[in-house]
Amino acid sequence: QDVSDKPVEGQHSAKQIGREFLYDAGRIWSSPFRLKAKYVPPLVVVAATAAFLISADENIRNVVQAFATQHGWVGDVGPVLTQMGSAGALATAGLFYGAGVLFKDQRARDTGYLAVSAMAQTFLIDNFVKSLTGRQRPYIADGVDHWSGPAGFFNRLGREYQGRYSAFPSGHTAAAFAVATVIGLQYRHRIWVPLVAYGIASGVGLSRLTLDRHWASDVFAGA
């Protein structure tokens, strides 16, 4: 859905929400087949960066954990900040929507609606990729990197393996950046808003590293 400087008037009926969600999903999942040549170089750079981070993930993890151990405040901030990639992100969307309804602010209402939609689309993509990669989380086996591939999907169904093979990509980071992107675009006429939104999203990504729930490449891919 196009986000313009002037919010679009309209009611978010269940039928409209469903129709727009399916349309957006179709555009997202079919995008690889509509890739234009101008987007190839940036994608190559992204892929190369991800490959580099994957090769360095274990070393990066060790450095981050050493820093977190030496600085107690990291352990205090991380668990709070990471919530902005889950319940906090959903609450932020709800606050925008609620404020929009209460104060008759269509831009705020649209922001809340678009943020929830973006989070839902991100959740589907994130879990699809997680199921294909089946990457082991860094806190398992003291930071030994392991990819189980598509078999990780079935491993995730077992209670003893719940969450173990769900590292790549970072869902918290993806959700945080999805909400930040919507807010940043909706309020891009106020320069400080995108800065704060993306700053918080970046903090969520860093918190996933300090909490030892993700590798650096997981966070990069989620962002």
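This report walks through the fold, the pocket, a cavity and a few backbone oddities of one protein model.

The model is predicted, so bear in mind that local features need pLDDT of at least 70 and side-chain atom pairs count only at pLDDT 80 or more, while totals for chains, interfaces and linings use all residues. Residues are numbered from 1 along each chain as its sequence is written, and side-chain values use heavy atoms, with hydrogens and water left out.

**Overall fold**

The protein has 9 helices and 0 strands, where helices are DSSP runs of H or I with at least four residues, strands are E runs of at least two, and numbering starts from the N terminus. Along the sequence that reads α-α-α-α-α-α-α-α-α. The C-alpha atoms sit in a box of roughly 50 × 45 × 40 Å along the principal axes. The radius of gyration is 19 Å, which agrees with the value near 17 Å for a compact globule of 223 residues; the radius is taken over C-alpha atoms, and the globule rule is 2.2 Å times the number of residues to the power 0.38.

As for packing, 41% of the 223 residues count as buried. Buried here means under 20% relative accessible area, exposed means over 50%, and partly exposed is in between, with a 1.4 Å probe and protein chains only. Taking contacts as heavy atoms within 4.5 Å, residues 24 or more positions apart make up 74% of the contacts with a separation of 6 or more. The accessible surface is about 12700 Å², and 68% of that belongs to carbon and sulfur atoms; the areas come from the Shrake-Rupley method with a 1.4 Å probe, and for residues only the protein chains shown count as cover.

**The largest pocket**

A word on terms: on a 1 Å grid over the protein atoms alone, a cavity is a set of points where a 1.4 Å probe fits but cannot get out, a pocket is an open set with protein on both sides within 12 Å along at least five of seven lines, and lining residues have an atom within 4 Å of a point. Grid points are joined across faces, edges and corners, and a volume is the space filled by probe spheres set on the points.

The largest pocket comes to about 1200 Å³. Its lining has 30 residues, with Ile-28, Ala-118, Gln-121, Thr-122 and Ile-125 nearest the centre. Helix 1 (14-30), helix 5 (106-133), helix 7 (171-186) and helix 9 (216-222) are the elements that each give two or more residues to this lining. Helix 5 gives the most, with 9 residues. By class, the lining splits into 19 nonpolar, 7 polar and 4 charged residues. For the classes, Ala, Val, Leu, Ile, Met, Phe, Trp, Tyr, Cys and Pro are nonpolar, Asp, Glu, Lys and Arg are charged, and the others, Gly among them, are polar.

Ala-174 is found in helix 7 and is buried, because its relative accessible area is 9%. Leaving out residues up to four places away in sequence, Ala-174 touches Thr-122 and Gly-222. Ala-174 and Val-193 are 19 residues apart in sequence and 19 Å apart in space, C-alpha to C-alpha.

**A cavity by helix 2**

There are 2 cavities of 30 Å³ or more, and the second largest has a volume of about 40 Å³. Its lining includes Asp-57, Ile-60, Arg-61, Asp-212 and Trp-215. The largest share, 5 residues, comes from helix 2 (residues 40-70), and the lining divides into 5 nonpolar, 2 polar and 3 charged residues.

Arg-61 lies in helix 2 and counts as buried, because its relative accessibility is 13%. Beyond four places in sequence, Arg-61 touches Pro-138, Asp-142, Gly-143, Asp-212 and Trp-215.

**Backbone oddities**

Most residues other than glycine have a negative phi, and most peptide bonds are trans. Here are two residues with positive phi.

| Residue | Phi | Loop | Relative accessibility |
|---|---|---|---|
| Lys-104 | about 55° | between helix 4 (87-102) and helix 5 | 76%, exposed |
| Asp-142 | near 55° | between helix 5 and helix 6 | 62%, exposed |

Asp-142 is also one of the residues that Arg-61 touches. Then there's the peptide bond from Phe-168 to Pro-169, which is cis with omega near -5°. Pro-169 lies in the loop between helix 6 (151-155) and helix 7.
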